[in-house]
Amino acid sequence: MKLTQDQLDQFETEGWLLLPELFTPEEVDLLRREAVAIYDEQRPEVWREKDGAPRTAFAAHKYNEAFRLLGRHPRMIRPVEQVFGESVYLHQYKINAKSAFTGAVWQWHQDYGTWKRDDGMPEPRAMNISIFLDEVMPINGPLMLVPRSQTAGDLEASHDLETTSYPLWTLDEKTVTRLVEQGGIVAPTGKPGSMLMFHGNLVHGSAGNITPYPRKIVYLTLNACSNHIRTPTRPEFIAHQDFAPIQCVDDDALAKLARSGQKAAA
Ligand code: SIN
Ligand code: MN
């Protein structure tokens, strides 16, 4: 799969790109079921909100076959290789739950701020890829992006250890207001299976989810191999240290796994 020149231009200018329904209902139904099963597990990779609801599950590609295949899927990997012009490796893999009624806020931040300060990543040459596992709607805590804010570079941030269960380098209100005056805010929505790519310096965040509709999104951070992290401080399951280029699986690998599960259950 290759991005068109128009798509590359949109990513370059706006800092984000949505590819609606890139994965089929069959593929995404499998991933959604597996995500729910993972949240039920008691394991260190599953982080919970302060009230105990799941917040995020890290490194699912290491202990779940469906997510292993997703992490090597050509529909995700090839566009990022195209943008960076080189091979990529997996820096981080997480499945954010944003559960019905209880999903908590993600404060305004840039991801590269954390990758640089906590992991020693030299340049913002890593990309976030999100796959919607549920429908993302205007009402269930969609990811909000500040278009063009990637051009502001690496902004001053402070380490927020209080607001949620997850430590984050967050931006102050004055900075966010200034950038929003220039670029506005968008909240890309879409059916399950849609894929959103956004630049490592794009300012983003999301509000809590008080609706009955869960909003599960898988986030892969794909880093250019030459830009591998230099001084990791976080556990391996949060910031990976296997810098080998991702080898893609076949395009139908997830669909085949979904069908084999259906056969086994029949
Ligand atoms: C993130 O910024 O890493 C996650 C935000 C969200 O899932 O809303
Ligand atoms: Mn983020």
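These are my notebook entries on a predicted model, taken in the order in which I looked things up.

**Entry 1: the sheet**

I began with the strand order and found an open sheet of 7 strands, arranged as β1-β10-β6-β12-β4-β3-β2 with antiparallel pairing. I noted β1 (16-19) and β2 (46-48) as the edge strands, since each of them pairs on one side only. For the twist I looked up the average angle by which neighbouring strands of this sheet are turned against each other, and with direction ignored it comes to 20°.

**Entry 2: strand β6**

I then turned to β6, which covers residues 126-132, and asked how many of its residues are buried. The count is 7 of the 7, so the strand is largely enclosed by the rest of the structure. Going through the side chains, I wrote down A126, N128, S130 and F132 as pointing one way from β6, with M127, I129 and I131 pointing the other way, and all of them are buried.

On the pairing of β6, I recorded 7 bridges to strand β12 (residues 217-224), the two running antiparallel, and in that pairing I131 has V218 in β12 as its bridge partner. With strand β10 (residues 195-199) β6 shares 5 bridges, again in an antiparallel arrangement, and here the bridge partner of S130 is L196 in β10.

I also checked what lies over these strands, and found helix α4 (residues 74-84) lying across β4 (88-96), β6, β10 and β12, at about 155° to β6.

**Entry 3: the nonpolar cores**

Which residues touch the most other members of the largest nonpolar core? Of its 43 residues, they are F67, L70, I95, I129, V218 and L222. Helix α2 (residues 25-39) gives the most to this core, contributing 6 residues. I followed V218 further and, leaving aside its neighbours within four places in sequence, listed its contacts as F67, L70, Y93, K94, I95, I129, S130, I131 and L133. There is also a second, separate core of 10 residues, and W16, V136, L143 and L145 are among them.

**Entry 4: the manganese site**

Next I looked up the manganese ion (ligand 2), whose protein donors are H109 through NE2, D111 through OD and H204 through NE2, at 2.1 to 2.2 Å from the ion. In sequence I wrote the spacing of these donor residues as H-x1-D-x92-H. Checking accessibility, I found that H109 and D111 are both buried.

**Entry 5: cysteines**

My last search was for disulfides, and the count comes to 0. Why is C225 not bonded to the closest cysteine? Its sulfur is 12 Å from that of C248, which is too far for a bond, given that a disulfide needs the two sulfur atoms within 2.5 Å. Looking from the other side, I noted that the closest cysteine sulfur to that of C248 is in C225, at 12 Å. As for accessibility, C225 counts as buried at 17% relative accessibility, whereas C248, with a relative accessible area of 24%, is partly exposed.

Definitions and conventions: Residues numbered from 1 in each chain as written. Chains lettered and ligands numbered in written order. Predicted model: local features only at pLDDT ≥ 70, side-chain atom pairs only at ≥ 80, totals over all residues. Heavy atoms only, no water. Donors = N, O, S within 2.8 Å, 3.2 Å for Na, K, Ca; no water. Buried < 20%, exposed > 50% of the residue type's maximum accessible area, 1.4 Å probe, protein only. Helix = DSSP H or I, 4+ residues; strand = E, 2+ residues; numbered from the N terminus. Pairing = 2+ DSSP bridges. Core = buried A, V, L, I, M, F, W, Y, C linked by side-chain atoms within 4.5 Å. Contact = heavy atoms within 4.5 Å. Axes fitted to C-alpha atoms, helices over the stretch in contact; angles between N-to-C directions.
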